[in-house]
Amino acid sequence: MENVVDDDLGKISRAEFIPWDLLRNKKLLVTGGTGLIGSTLIKALLFADKAKHLGLQVLALVRDPNKARRMLGKESEQLHFLIGNVEQLPEISGDVDYIIHGASPTASLFFVEHPVETIRIAVEGTSKLLELARQKRVTGFIYLSSMEVYGAPHDDALIPESQGCTLDAMAVRSCYPIAKRLCENLCASYANEYGLPAKVVRLAQTFGPGVEKGDKRVFAEFARDAINGTDIVLQTAGTSKRMYLYTADAVSAILLVLLKGKAGEAYNAGNPATYCSIGEMAHMVAREIGGNCIKVRISSKTDDVNRKFPPPHHLNLDIHKLLQLGWRSDITLKEMYLRMMDGMK
């Protein structure tokens with residue numbers, strides 16, 4: 001996996017649309033430092049720092065220092081671990097120039113089994129970080145949100161950032177996107193009331209190298225089936241359609257919006273070339289990666305598990321605003337799978 005990751009980090013550092021000079025001699029706080037996106041982001045910053053001699057300092061907020069060392073390496077002049085969580089921030093001394101807030105639960109089952117905790121982690125954590133950003137007078141603040149904030153649109157029409165949502169507030173599974181939406185509004189409110197340069201990135205479902213072998217999300221399950229040569233069993237009818245995003249592309253989008261985006265605004269981030277239904281993705285994996293040696297079936301026991309999934313939806317993100325900033329992605333869904341599977345193997 002090292003070659004795949006190094007290739008990704010090098011590509012991010014060479015992205016001409018990222019104004020790297022704005023990060024010269026800056027200190028960044030990243031929450032969710034051992035998550036998929038957070039860890040890739042931190043590695044990319046450290047890689048670029050070495051390649052471009054930026055003089056960066058990265059503060060990584062992590063719960064488990066041992067896991068952080070395994071994933072990110074030892075602490076150094078460039079990398080420092082802050083042990084704690086977003087609900088109870090440790091004391092952070094000195095200046096902070098940028099904050100990237102990516103700490104969040106990501107598992108659907110957690111949302112259903114712990115909806116109160118899902119809401120509290122999101123809202124309390126984001127409130128504390130926005131207040132910290134205000135106190136530190138940061139140059140930029142990014143909140144990592146989700147395409148799920150749009151709810152469950154029923155057709156393939158492009159979804160701009162200005163579109164509302166169709167979320168059912170009385171559905172327990174809605175705790176995650178509704179909490180995300182409230183946190184977005186907190187960012188907009190801090191930008192409006194206090195002049196805080198807070199921005200939001202609404203990420204499509206993101207995967208790539210670094211996805212753990214035991215990950216329960218659908219893309220990881222499909223990848224494991226292809227690796228093991230077992231049939232793909234869908235837990236739903238597979239009609240929901242959505243866009244996906246490669247991990248390295250998510251990182252480049254986050255850094256671009258952090259440095260060039262407008263305060264108080266949201267930016268969709270996804271790869272239009274990947275837009276497909278879950279069923280279509282399953283058949284692509286079976287056909288093009290599994291070599292037609294595995295089949296796609298629908299489980300006969302879906303009633304009990306459907307409550308952990310969002311309702312059927314069509315999340316076709318309009319990424320015009322992000323493209324206007326200069327962002328680009330050229331990877332295919334198949335390539336995303338192959339690069340993720342290199343790590344999982």
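This is a dialogue on how to read the sheet, helices and cores of a predicted model.

Colleague: I should like to begin with the sheet, so how many strands form it, and in what order do they lie?

Modeller: In this predicted model, seven strands form an open sheet in the order β3-β2-β1-β4-β5-β6-β10, and the pairing is parallel. The edge strands, each of which pairs on one side only, are β3 (79-83) and β10 (266-269). Neighbouring strands of this sheet are turned against each other by 20° on average, direction ignored.

Colleague: Where should I look to follow the pairing of β1 and β2, and which residues stand opposite each other?

Modeller: Strand β1 (residues 27-31) and β2 run parallel and are joined by five bridges, and Leu29 stands opposite Leu59 in β2. Between these two strands the chain passes through α2, and this β-α-β crossover is right-handed. On its way to the edge of the sheet, β2 also pairs with β3 in the parallel sense over five bridges, with Leu61 opposite Leu82 in β3. A right-handed β-α-β unit is likewise made by β2, α3 and β3.

Colleague: Is β2 mostly covered or mostly open?

Modeller: β2 is mostly covered, since five of its six residues are buried. As a general idea, the side chains in a regular strand alternate between the two faces of the sheet. In this structure, helix α3 (residues 65-72) lies across β2 (57-62) and β3, and runs at about 155° to β3.

Colleague: What packs on the sheet around β5 and β6?

Modeller: Helix α6 (residues 175-194) packs there, touching β5 (140-146) and β6, and its direction makes about 160° with that of β5. Strand β6 (residues 198-203) in turn pairs with β10 in the parallel sense over four bridges, where Arg202 stands opposite Asn268 in β10.

Colleague: How should I read the length of a helix, and what span does α9 have?

Modeller: The check uses a rise of 1.5 Å a residue, by which the 12 residues of helix α9 (residues 278-289) should span 16 Å, and the end C-alpha atoms of α9 are indeed 16 Å apart, which agrees. The buried residues of α9 include Ile278, Met281, Met284, Val285 and Ile289, and among the elements that cover the buried residues of α9 are α7 (218-228), β9 (241-246) and α11 (333-344). After α9 comes Gly291, whose phi is positive, near 65°.

Colleague: What does the corresponding check give for α2?

Modeller: Helix α2 (residues 36-52) has 17 residues and reaches 24 Å from its first C-alpha to its last, close to the 24 Å expected at 1.5 Å a residue. Among the buried residues of α2 are Leu36, Ile37, Leu41, Leu45 and Asp49, and α2 is followed by His53, whose phi is positive, near 55°.

Colleague: Finally, how many residues has the largest nonpolar core, and which have the most contacts inside it?

Modeller: In soluble globular proteins, nonpolar side chains tend to be buried together. Here the largest nonpolar core has 87 residues, and those with the most contacts inside it are Leu45, Ile100, Phe207, Phe222, Leu255, Leu333 and Tyr337. Helix α8 (residues 247-260) gives the most to this core, with 10 residues. If residues up to four places away in sequence are not counted, Ile100 touches, among others, Leu28, Leu41, Ile142, Leu144 and Leu255. A second, separate core of 28 residues includes Leu132, Tyr143, Leu196 and Val200.

Terms used: Residues are numbered from 1 along each chain as its sequence is written. This is a predicted model: local features need pLDDT of at least 70, side-chain atom pairs count only at pLDDT 80 or more; totals for chains, interfaces and linings use all residues. Side-chain values use heavy atoms; hydrogens and water are left out. Two strands pair if DSSP finds at least two bridges between them. Axes are lines fitted to C-alpha atoms, for helices over the stretch in contact, and angles run from 0 to 180 degrees between N-to-C directions. Contact means heavy atoms within 4.5 Å. A nonpolar core is a set of buried Ala, Val, Leu, Ile, Met, Phe, Trp, Tyr and Cys residues joined through side-chain atoms within 4.5 Å. Buried means under 20% relative accessible area, exposed over 50%, partly exposed in between (1.4 Å probe, protein chains only). The expected span of a helix is 1.5 Å times one less than its number of residues. A crossover is right-handed if, with the strands pointing away from the viewer, the path from the first strand over the helix to the second runs clockwise.
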